[in-house]
Amino acid sequence: MLVGFAQELDSNGSSRSQGSISDQISDPAERAAFVALYQKTDPRRLLGEAQAFLQQFPQSAFLAQVLEIAARSSFDQGDYKGGLEYARQSLVLLPENPLLLVAVADAQAGQSQNDAAIVSARDALAYLDRFVRPISVSERDWPEVKRKQQAIAYFVLGRAALRQSLEQPSGEARRNLLADSRAALSQANTFNPTDDEITYLLGVVQLTAGNPSPAAADFASVYQQGGAYAARALAALQQMYQSLPLDSKTSFQAFLEHAEKEKPAPEKTPVSVTGSPAAPLPEYAGSDACKGCHRGIYQNWAQSGMARMLRPYQPQNVIGDFQNNNEYSTGADVEYLHGKLNPTPAIDSKLFARMVVRDGRHYFDIKQSDGQWHSYPVDYTIGSKWQQAYATKLPNGQIHVFPIQYNVLDRRWLNYWRSLDGPGTERADPHNFERLDESTSYQSKCAVCHTSQLRNTKGGGLEADHLEFREPGIGCEMCHGPAARHIASITEGTTYDKRPLDPPVDFKRISNREFVSICAQCHMQSAMRESLGELNYSTSGNFFRQNQSIPFGEFTRKGFYKDGRFGQSTFIVEALERTQCFRKGQVSCGSCHDPHSHDFSTNQTSLKFKDQPDQMCVGCHTKFADKSTATAHTHHGATSAGSRCIACHMPPIMDALAFGARTHQIDDIPNAEMTLRFGQQDSPNACLLCHADKTAPWVQSQLLSWKSSPVARSSQPRVR
């Protein structure tokens, strides 16, 4: 049985495709070797076949999965050192793997690598909450599997904190570590109350902390279960009994019975709650209601890409060429890959569509399977910067997006879905448009991120019918929340208690994680959007949806480079969330971008510091504000493009609307070893984007020379 499935990229995440990972492997030998790995159960044979795969197919796009198999097989044979090395390599390629991280944390704790175990366990717990079940685990089994994984992770945290406490002298630091250990083990016990090892260790912590009564209760519980730790628990109880003062001693049996009565009843498994309680929210007022007081901001927003995401048809909003270069033929097309539009040879080229203006109105004329030309009016424009799509509204209220879009940068009409989904997929064939089904439905495929307050009037999900939205485009309340109470308070001169995250959101006072969560409503590809009724907003609790994510290993590999980095800009939030700037610092989308920016003709990415991009970084990394320090760090001239922070740490390697967008995995560092292994196309190196005439060995040599220089040792971060 295969462990993962392929999720298409341009999806609203409401369903998961059943195409297996192996279907994406074009090499028959590699596919057969990969499938064989999931047909073995003996750890020794499994490890041998995984090692053979790694040696035979070192450039495979599925090394993360094979390395995980090698790691688990090594753990099963007691080779923890080897297993941890395989796991490290797997997690470099796919860090967000909670099930592997739990195994790693457990192995690290067993090797007394306490600090590393704590990091792995915490990451595992975060990812267990963040991601939905792996599709390899049934919906019925997942709750129990997840609880046991959470129990192991908390057990690791408790064991590591206990060991750290024993390294401390008596005092506050030791007491705090013991308290952390007790809290983690209590959580572990709650998730898996039948695991006697957890209860036994909790007793050890209680005893070490000077709490003999609860310790005795824990040991007595373990002893009564009669499991693997019963003998240890009995020995601990006997030692405690022997240490009692003679004048207070009863029989050991009486001591044991008393300890058993002290054991508290097990707690119920906690339910994870995200965000605010589900209290009713104020009414939504609409963006126009904000204009009276916030006129300047409103006017800027109205000219922004947010507001223009979807607009009812007006001739002046059309940017495509409907008069001159206005025909599209099938058979001859372009493919986009990693920043380049590549023409494909014409094969049986046939005219498919004419984009025309008649009587001042824009139309798509499409030649359908009946051999006749069918004319559809343009009723909506989608987008306003790099590319523009067009949609028509049917008499039944459904809105359907035409398969041909206009690329502004290349000034040509493209079958964009073919370049996105790949040849042979449903939307890749523009002739399928005439079916007017869900594959081209704006409501079911696009509206959740391109419109405001989308709802299903019948209480259903994302489907072609029964969907309506309050505003086209991204209105004020999609980011700031429902504003009726705020407007009423201003109008009536009243006040009310308000937290920073309560609508309207005070973005200057919320955390970076809350800030990014609001942006992630639309800018997170992996979000699992399964809401009913209110589809991209809420009238209770938090106004913005905090969706769980689909495991990254289940997406088609087209969205990733072989070195594990994201290759599509639809994963822009996921890339940011990998960075230490986000995880340990306070970076949010608002650190660099202005969502109200209106000068998109010269500032298409809405940057706060368009002409001084280093300002986005030196606000935190203050030492590099000094030009000499920055030059020593970059090894480029102070005014050169190579000395800009984004040149090395945010190279333009993410495929966007037929152009290369900058990766938001900000702490990315040029990695010559990965490029040597996979090549520039599958592991693009920032150095070679500028120095296109050089090679990966040259990059490796340069980086090594920089690391060895005296200046580099004082200012250059370690290449990882």
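Here are four short exercises with worked solutions on a predicted model.

**Exercise 1: Check the span of a helix**

Work out what helix H8 (residues 172–191) should span, and see which of its residues are buried.

*Solution.* Start with the rule: the expected span is 1.5 Å times one less than the number of residues. H8 has 20 residues, so it should span 28 Å. Next, look at the model: the end C-alpha atoms of H8 are 29 Å apart, which agrees.

Now go hunting for the hidden side. Buried residues of H8 include Leu177, Leu178, Ser181, Ala184, Leu185 and Ala188. At the far end of the list you'll find Asn189, Thr190 and Phe191, which are buried too. Spacing helps you read a list like that: an α-helix has 3.6 residues a turn, so residues three or four places apart point the same way. Finally, ask what does the covering: helix H7 (142–166) and helix H9 (196–208) are among the parts that cover the buried residues of H8.

**Exercise 2: Follow two links across the chain**

Find out which parts of the chain are linked by the salt bridges Arg583–Asp123 and Arg130–Glu577.

*Solution.* Take Arg583 and Asp123 to begin with: their side chains meet at 2.8 Å, N to O. This pair ties together distant parts of the chain, with Arg583 in helix H21 (residues 580–583) and Asp123 in helix H6 (residues 114–130), 460 residues apart. Are the two partners buried or exposed? Buried means under 20% relative accessible area, so Asp123 at 19% counts as buried. Arg583, at 28%, is partly exposed.

Then do the other pair. Arg130 and Glu577 meet at 3.0 Å, again N to O. Here Arg130 sits in helix H6 and Glu577 in helix H20 (residues 572–577), 447 residues apart. With 17% relative accessibility, Arg130 counts as buried, and Glu577 is buried as well, at 15%. For the wider picture, the structure holds 26 salt bridges.

**Exercise 3: A salt bridge inside one helix**

Explain how Lys148 and Glu144 are placed in helix H7.

*Solution.* Begin with the contact itself: Lys148 forms a salt bridge with Glu144, and their closest N and O atoms are 3.9 Å apart. Now count along the helix: the two are four residues apart in H7, so about one helical turn separates them. Check the surroundings next. Lys148 is partly exposed at 41%, and Glu144 is partly exposed at 36%. One last step: salt bridges with shared partners join Glu144, Arg147 and Lys148 into one network.

**Exercise 4: Map the neighbours of a strand**

Work out which strands pair with E11 (residues 387–393), and why E11 is described as largely enclosed.

*Solution.* Tackle the second part straight away: six of the seven residues of E11 are buried, so the rest of the structure largely encloses this strand.

Now go through the partners one at a time:

- Strand E10 (residues 380–382) runs antiparallel to E11, joined by three bridges. Thr381 stands opposite Tyr390 in E11.
- Strand E12 (residues 399–401) pairs with E11 in the antiparallel sense over three bridges. Thr392 stands opposite His400 in E12.
- Strand E13 (residues 405–407) is antiparallel to E11, with two bridges. Gln387 stands opposite Asn407 in E13.

Finish with the turns. The hairpin of E10 and E11 has four residues between the strands, and Gly383 takes a positive phi near 95 degrees there. E11 and E12 form a hairpin with five residues between them, where Gly397 in the turn has a positive phi of about 95 degrees.

Methods: Residues are numbered from 1 along each chain as its sequence is written. This is a predicted model: local features need pLDDT of at least 70, side-chain atom pairs count only at pLDDT 80 or more; totals for chains, interfaces and linings use all residues. Side-chain values use heavy atoms; hydrogens and water are left out. Buried means under 20% relative accessible area, exposed over 50%, partly exposed in between (1.4 Å probe, protein chains only). Contact means heavy atoms within 4.5 Å. A salt bridge is a side-chain nitrogen of Lys or Arg within 4 Å of a carboxyl oxygen of Asp or Glu. Two strands pair if DSSP finds at least two bridges between them.
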